[in-house]
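Student: I should like to learn how to read a protein structure that is new to me. Could we take the features in turn?

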Amino acid sequence: MTVHVSKLFGLLPATGKAAIVLLVTLGAVVHLVSSGDADWRAGADTFYVMVLLFVFFSRERDDDERVRELKLRALMVAFVSGWAFASAFRFASYLQDRDAVPKVPSAYDAMFVVLVVANALYLLWHHRDGRDAAARPGV
Amino acid sequence: MKNRLRELRAEHRWSQADLADRLGVSRQTVNAIETERYDPSLPLAFKMAALFGCPIERIFESDAP
């Protein structure tokens, strides 16, 4: 099942993947705003994270060493972003109530941030490579 | 790392897409190498050398002094 879903995402062009990432991110933000609570540990966040995971780790149409290099680099930057997000969240919670034990984001929250950043960076860098190639056509 | 990929490609009158097909990579990857934003792996560099029929040192030049 997992392999089939991954292959299905792999068939999508970059624009399709970008649209899915955008929709899932918007969906999560709307969910967060409408529930009025940062603690959105329901089935929905699992869905958001799973979709982003499949989009990021699915094979590309033109899967080569450059694609793998860009994905690895995007993941490295995204992990630092996730750590910064978790630290900022904890610090904000501490500032709100200095006597209470500071809240920490759930693993799903952190994964969501990491995957949104990773997908966005990869799609941006891959698009930049394509744009430059289109700007210098032929010999 | 500096390279002469664009020059060699022009000598053979190949487009980026032609070279990408021959190397089994995407056109974006060829462009990233030509613009020196990406250094290819050793197997890909050997493939380029074999394709152009010249040693790797003729295609790539190290930045190191």
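**Reading the core, the fold and the contact**

Tutor: Let us begin with the largest nonpolar core, which has 23 residues; L52(A), F112(A), L115(A) and A118(A) are the ones that touch the most other members. Please keep in mind that this is a predicted model.

Student: Which elements of chain A each supply at least two residues of this core?

Tutor: They are α2 (14–35), α3 (43–57), α4 and α5 (107–135) of chain A. The greatest share comes from α5(A), which gives ten residues to this core.

Student: With which residues is L115(A) in contact, leaving aside its neighbours within four places in sequence?

Tutor: L115(A) is in contact with V49(A), L52(A), L53(A) and F56(A). A second core, separate from the other, has nine residues, among them L19(B), V30(B), A32(B) and I33(B).

Student: How many helices and strands does the secondary structure of chain A have?

Tutor: Chain A has five helices and zero strands. Read from the N terminus on, its elements follow the order α-α-α-α-α.

Student: What share of the residues of chain A count as buried?

Tutor: Chain A has 139 residues, and 25% of them count as buried. One may also ask how far along the chain the contacts reach. Taking contacts in chain A between residues at least 6 apart in sequence, 81% join residues at least 24 apart.

Student: Does burial have an opposite that I can study in one residue? Why does A84(A) count as exposed?

Tutor: A residue counts as exposed if 12 or fewer other C-beta atoms lie within 10 Å of its own. A84(A) has 12 C-beta neighbours inside 10 Å, and therefore counts as exposed. This residue is placed in helix α4 (residues 65–96) of chain A. From C-alpha to C-alpha, A84(A) and A110(A) are 9.7 Å apart in space, while 26 residues apart in sequence.

Student: Let us turn to the two chains. How is the size of an interface often given?

Tutor: It is often given as the accessible area lost when the parts come together. Here we may count residues instead: the contact takes 17 residues from chain B and 13 residues from chain A.

Student: Which helices of chain B each supply at least two residues of the side that touches chain A?

Tutor: These are α1 (5–11) and α3 (27–34) of chain B. The element that gives the most to this side is α3(B), with five residues.

Student: How many residues of each class are on the side of chain B that touches chain A?

Tutor: That side has six nonpolar, eight polar and three charged residues.

Definitions and conventions
Residues numbered from 1 in each chain as written. Chains lettered and ligands numbered in written order. Predicted model: local features only at pLDDT ≥ 70, side-chain atom pairs only at ≥ 80, totals over all residues. Contact = placed C-beta atoms within 7 Å. Helix = DSSP H or I, 4+ residues; strand = E, 2+ residues; numbered from the N terminus. Nonpolar A, V, L, I, M, F, W, Y, C, P; charged D, E, K, R; others polar. Buried ≥ 20, exposed ≤ 12 C-beta atoms within 10 Å, placed from the backbone. Core = buried A, V, L, I, M, F, W, Y, C linked by C-beta atoms within 7 Å.
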